[in-house]
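I opened this chain today and kept notes as I clicked around. Here they are, in the order I looked things up.

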Amino acid sequence: MKKSHKQNQTTTSSRRKFLGTATTASAAAALSFPMISTAQTVTQMRFQSTWPSKDIFHEYAQDFAKKVNDMTGGELKIEVLPAGAVVPAFGLLDAVSKGTLDGGHGVMGYNYGKQSAIALWTSGPVFGMDANMVLAWHKYGGGKELLEKLYTSIGANVTSFLTGPMPTQPLGWFKKPITKKEDLQGLKFRTNGLAIDLFTAMGAAVNALPGGEIVPAMDRGLLDGAEFNNASSDRVLGFPDVSKVCMLQSFHQSSEQFEITFNKTKYEGLPPKMKAIIANAVEASSADMSWKAIDRYSKDYREMQTKDGVKFYKTPDAILQTQLSIWDDVVAKKGADNALFKEVEKSQRTFAERAMKWDMDTNNNRRMAYNHYFARTAPKKA
């Protein structure tokens, strides 16, 4: 049957309306789904840590990189190489600054020779603050701005992030227990940062070595004693193979943390989104590292006693008090002709006076609770 002119007009109008509605619906549907990129430019970054690949510290560096890589969806890929892959451990800052490496994972104490004030973040008692409190000072108390000022003063082209609060480090590993300060006289000893000045003033003959070289030096008799960091690192690096005595507690490094550095030029060239991801990945990995450390360090601490035959002793209070007194002399000498050193120390002192008072007044005595539930005592005295 032949359609009338009016029917044709109605049909055409309906078709246009349908097509218009369908087009609008398709556009709305497209907006409701995420865009899928068919071509993605990947930014590659090559990092190096200052740690042997078997050390848990290198694992922490890899954990950070994975968080960044995952959160950017592969748009930024950080590869982390172990110490020595490109440059020696103590050469990391220069390599990152020059662009030989895009970034790195280490500790600030390794840069002590360039400007002694840098080691104030990682060496000494820091007025009693633990490492997490030092990170609080760094972020909220002016430390970050002071570190930028320090790096500018030595011409370092780096962007720095601090992460990963470390527990108090042992006095060290020795052939026999250290019972008095005189036991350190003439002792060939490894440490780093401003702890070099502290142990030197206590009579030791100090040699600064990177982590992977310490145990071989002890095995060859080039060192009589050494400190590195924690139960897991010390165990995997082989300290129990060359020593069965470890002295716990010391003020030489009671508040160290890690440093993640980027070549500043390369970092500044990143889009804002990637910079935000990096900043948040730093803090996420800091928290994760502190939790992993509690789990792993406590396991290795127990196994070194039960399986490796290591005996742990608490460093005598007399030695700890001597460290505090000598430290006062060390920082007074360092600050005498170093205005930046004095500025950093003053900033830390101001923050610590307030934060430490709050901390000590607020938190419980954990030893009391531990003894109540587990009926165990502190590490035996030497």
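**Entry 1: a glutamine to start with**

In which helix does Q323 lie? I found Q323 in helix α12, which covers residues 317-336. Before going on, I reminded myself that this is a predicted model.

Next I checked whether Q323 is buried or exposed. Q323 is buried, because its relative accessible area is 1%, and the cut-off for buried is under 20%. I then listed what Q323 is in contact with, leaving aside neighbours within four places in sequence. The list has L171, L198, F199, M202, S250, F251 and H252.

**Entry 2: how far to trust it**

I looked up the confidence next. The chain averages a pLDDT of 90, and 88% of the residues score at least 70. Where does pLDDT stay under 50? That happens over residues 1-39, and for this stretch the model has two contacts beyond four places in sequence. Where pLDDT is low, the predicted coordinates should not be read in detail. I left that stretch alone after this.

**Entry 3: the whole chain**

I counted my way through the overall picture. The chain has 14 helices and eleven strands. Of its 382 residues, 47% are buried. The accessible surface comes to about 19700 Å², and carbon and sulfur atoms own 55% of that.

I also wanted to know how the contacts are spread along the sequence. Taking contacts between residues at least 6 apart, 79% of them join residues at least 24 apart.

**Entry 4: strands**

I began with β1 (residues 43-49) and β2 (residues 76-81), which pair in the parallel sense over six bridges. I picked one bridge to look at: R46 has E79 in β2 as its partner. How does the chain cross from β1 to β2? It passes through helix α2 (residues 56-71), and this β-α-β crossover is right-handed.

Then I moved to an open sheet of six strands. I read its order as β7-β6-β8-β5-β9-β11, with mixed pairing. Which strands stand at the edges? They are β7 (205-207) and β11 (311-314), and each has a single partner strand, so one side of each is left without a neighbour in the sheet.

Inside that order I zoomed in on β6 (residues 188-190) and β8 (residues 225-226). These two run parallel and are joined by two bridges. R190 stands opposite A226 in β8.

**Entry 5: the loop between β3 and α4**

I spent a while in this loop, starting with S123, which lies between β3 and α4. S123 counts as buried because its relative accessible area is 1%. What does the side chain of S123 reach? It reaches the backbone nitrogen of L194, at 3.1 Å. Not counting residues up to four places away in sequence, S123 touches N192, G193, L194, A195, H252, Q253 and W327. I had already met H252 on the contact list of Q323.

V126 has its place in the loop between β3 (103-106) and α4 (131-140). Its phi is near 45 degrees, a positive value in a residue other than glycine. V126 counts as buried too, because its relative accessibility is 3%.

**Entry 6: more positive phi values**

I went looking for others. Q249 sits in the loop between β9 (245-248) and β10 (257-263). Its phi is positive, about 80 degrees, although Q249 is not a glycine. Is Q249 buried or partly exposed? Q249 is partly exposed, because its relative accessible area is 35%.

A375 also takes a positive phi, of about 50 degrees, just after α14. At the N-terminal end of α14 (residues 366-374) I found a cap, N365. A side-chain oxygen of N365 lies 3.0 Å from the backbone nitrogen of R367.

**Entry 7: a lysine to finish**

My last stop was K139, which is found in helix α4. K139 counts as partly exposed because its relative accessibility is 42%. With which side chain does the side chain of K139 make a polar contact? The partner is the side chain of E283, at 2.6 Å. I also took the C-alpha to C-alpha distance from K139 to F161: they are 9.8 Å apart in space and 22 residues apart in sequence.

How values were computed. Residues numbered from 1 in each chain as written. Heavy atoms only, no water. Pairing = 2+ DSSP bridges. Helix = DSSP H or I, 4+ residues; strand = E, 2+ residues; numbered from the N terminus. Right-handed = clockwise from strand over helix to strand, strands pointing away. Buried < 20%, exposed > 50% of the residue type's maximum accessible area, 1.4 Å probe, protein only. Contact = heavy atoms within 4.5 Å. Areas by Shrake-Rupley, 256 points an atom, 1.4 Å probe, with all protein chains shown as cover. Polar contact = N/O pair within 3.5 Å; in protein donor to acceptor, adjacent residues only side chain to side chain. pLDDT = per-residue confidence, 0-100.
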